[in-house]
Structures are given as C-alpha cells and as structure tokens.
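Trainee: I should like to learn how a sheet and its packed helices are read from a model. Could we go through one case together?

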Amino acid sequence: MRHLLIVEDDTDTWDLFRHALNGLHCTITCVPDVDEALRLLTSGFRHAPPQLLVTDWHVAGGDGIELCRKIRAMGIDLPIILMTSAQEALPKDVVPDLAL
C-alpha cells in the first residue's frame, strides 16, 4: 500500500488532502511540524515508510525548505513536494541547495 506523509500545520488542509486522495487507497499520515516529521522519518516508519512527502513551505517548527535540507542531509531518498500558498517566489539560490 502507498504511504504519503504530509507536513502541514493547518488541519483544514489535512482534511482536503484526505478527501482528495481518498480513492487512491493509500495511507496518509499528517503531522503538524518539522520535528514530528523528522522523528517519524528516523524511527516511526520501520514497517511502512512513506513513498512521498508533501510539505508546506511555511510550517510550524521551521519551514519546508529546512525540512528538505535535513532529510537530504540524513541520506533519506524520498520524493518531496514543497507547496505554498504564499505570494512570494522561492529564492533562486534555494533550489540547487535542496538536491531535489
């Protein structure tokens, strides 16, 4: 079964993801902050690690960009979707640094 990890501090967005992805027959784990995501990625998913991580750019406990950096620094090879509703553009120097 597919497993998706969502890092988002807005519970309404959690519900939106669950509703939109309901027909895909996947497990969806939602966490509210960077620390919880890192904790689960390092020790909480021994039997069913996620195949995809979706994170908000602006999330509690840090930001999605820093989360991406930490995941890559730990050697975790996981596809990541970085999303935002912010109006500002992603800084051009950030993308190469993420090793995405």
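Mentor: The sheet comes before the helices in what follows. This is a predicted model, in which local features need pLDDT of at least 70, side-chain atom pairs count only at pLDDT 80 or more, and totals for chains, interfaces and linings use all residues. Residues are numbered from 1 along each chain as its sequence is written, and side-chain values use heavy atoms, with hydrogens and water left out.

Trainee: In what order do the strands of the open sheet lie?

Mentor: Strands of a sheet pair through backbone hydrogen bonds, either parallel or antiparallel. Here 4 strands form an open sheet in the order 2-1-3-6, with parallel pairing. Strand 2 (26-31) and strand 6 are at the edges, each with a single partner strand, so one side of each lacks a neighbour in the sheet. Strands (E, at least two residues) and helices (H or I, at least four) are DSSP runs, numbered from the N terminus; two strands pair if DSSP finds at least two bridges between them.

Trainee: Which residue of strand 3 is the bridge partner of Ile6?

Mentor: The partner is Val54. Strand 1 (residues 2-7) and strand 3 (residues 52-56) pair over 4 bridges.

Trainee: At what angle do helix 2 and helix 3 pack?

Mentor: Two packed helices are described by the angle between their axes and the distance between the axes. Helix 2 and helix 3 (residues 64-73) pack at about 20 degrees, with axes 10 Å apart. Axes are lines fitted to C-alpha atoms, for helices over the stretch in contact (heavy atoms within 4.5 Å), and angles run from 0 to 180 degrees between N-to-C directions.
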